Amino acid sequence: MSIQVKTRARVAVVDVTAKVAAAVPDGLGSGVCTVFVPHTTAGVVVNENEQRLRGDIERALDYVVPRDGGYEHDEIDDNADAHLRAMLLGESVSVPVVDGDLDLGTWQSVLFVECDGPRTRSLEVVTTD
Ligand code: ZN
């Protein structure tokens with residue numbers, strides 16, 4: 001099943017936990033839910049959904065992979081930083097499912113990280129028992 005995420009900025013951290021949870025089939029008792037981002041300039045992580053931390057994540061990405069780093073790919077479509085940031089974030093996370101619910105830790109959320117927005121993205125949610 002796919003879910004849609006719309007962003008309003010070039011870089012954005014969006015909590016998609018509720019959308020992912022809604023995509024877990026009712027009949028699934030226990031298993032694994034994998035969230036996969038089929039894009040090369042966005043990623044997904046599990047971390048705390050706290051407003052200032054979301055800003056810190058954006059600043060950390062900018063610090064580790066600056067926007068203008070003299071990258072060769074920028075000669076093609078000017079978004080090499082987004083590819084490199086997405087590579088560091090990763091394209092999937094797996095979350096245990098127990099009794100039909102995502103078994104996340106108290107402070108854990110599934111966070112989609114847009115690195116080349118704003119745009120609408122599709123994320124794949126795959127569950128196995
Ligand atoms: Zn590119």
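Reader: Let's start with one residue: is D116 buried or exposed?

Author: Happy to! Burial is read from relative accessible area, computed with a 1.4 Å probe on protein chains only: under 20% is buried, over 50% is exposed, and anything in between is partly exposed. D116 has a relative accessible area of 14%, so D116 counts as buried. Please keep in mind that this is a predicted model, in which local features need pLDDT of at least 70 and side-chain atom pairs count only at pLDDT 80 or more, while totals for chains, interfaces and linings use all residues. Residues are numbered from 1 along each chain as its sequence is written, and side-chain values use heavy atoms, with hydrogens and water left out.

Reader: Where does D116 lie, and with which residues is D116 in contact?

Author: Helices (H or I, at least four residues) and strands (E, at least two) are DSSP runs numbered from the N terminus. D116 lies in the loop between β7 and β8. Contact means heavy atoms within 4.5 Å. If we leave aside neighbours within four places in sequence, D116 is in contact with R10, T41, N79, A82 and R121. With N79 there is also a side-chain polar contact of 3.0 Å. That term is used for a pair of N or O atoms within 3.5 Å; within protein, one must be able to donate a hydrogen and the other to accept it, and residues adjacent in sequence count only if both atoms are side-chain atoms.

Reader: How should I read a salt bridge, and which side chain meets D116 in one?

Author: Side chains of opposite charge can pair when their charged atoms come close. The cut-off here is a side-chain nitrogen of Lys or Arg within 4 Å of a carboxyl oxygen of Asp or Glu. D116 meets R10 this way, at 3.6 Å from N to O. R10 sits in the loop between β1 and β2 (12-15), so the pair ties together parts that are 106 residues apart in sequence. R10 is partly exposed, at 22%.

Reader: How many salt bridges does the structure hold?

Author: The structure holds ten. Another of them joins D62 and R85, with the closest N and O atoms 3.0 Å apart. This pair links distant parts of the chain, 23 residues apart: D62 is in helix α2 (residues 51-64) and R85 in helix α4 (residues 80-89). R85 is buried at 3%, whereas D62 is partly exposed at 39%. Through shared partners, salt bridges join R10, D62, R67, D78, D81, R85, D116 and R119 into one network.

Reader: N79 came up earlier. Which residues coordinate the zinc ion?

Author: Donors are N, O and S atoms within 2.8 Å of the metal (3.2 Å for Na, K and Ca); water is not among the atoms, so sites may look incomplete. The zinc ion is coordinated at 2.0 to 2.6 Å by H73 (NE2), D77 (OD, listed twice), N79 (OD1) and H83 (NE2). Their spacing in sequence is H-x3-D-x1-N-x3-H. H73 lies in the loop between α2 and α3 (74-77) and H83 in helix α4, ten residues apart. H73 is partly exposed at 27%, and H83 is partly exposed at 25%.

Reader: Finally, what is the strand order in the open sheet?

Author: Strands of a sheet pair through backbone hydrogen bonds, either parallel or antiparallel. Two strands count as paired if DSSP finds at least two bridges between them. Here five strands run in the order β1-β8-β3-β5-β6, with antiparallel pairing. β1 (2-6) and β6 (101-102) stand at the edges with a single partner strand each, so one side of each has no neighbour in the sheet. Five bridges join β3 (residues 31-36) to β8 (residues 120-128), and F36 stands opposite E124 in β8.
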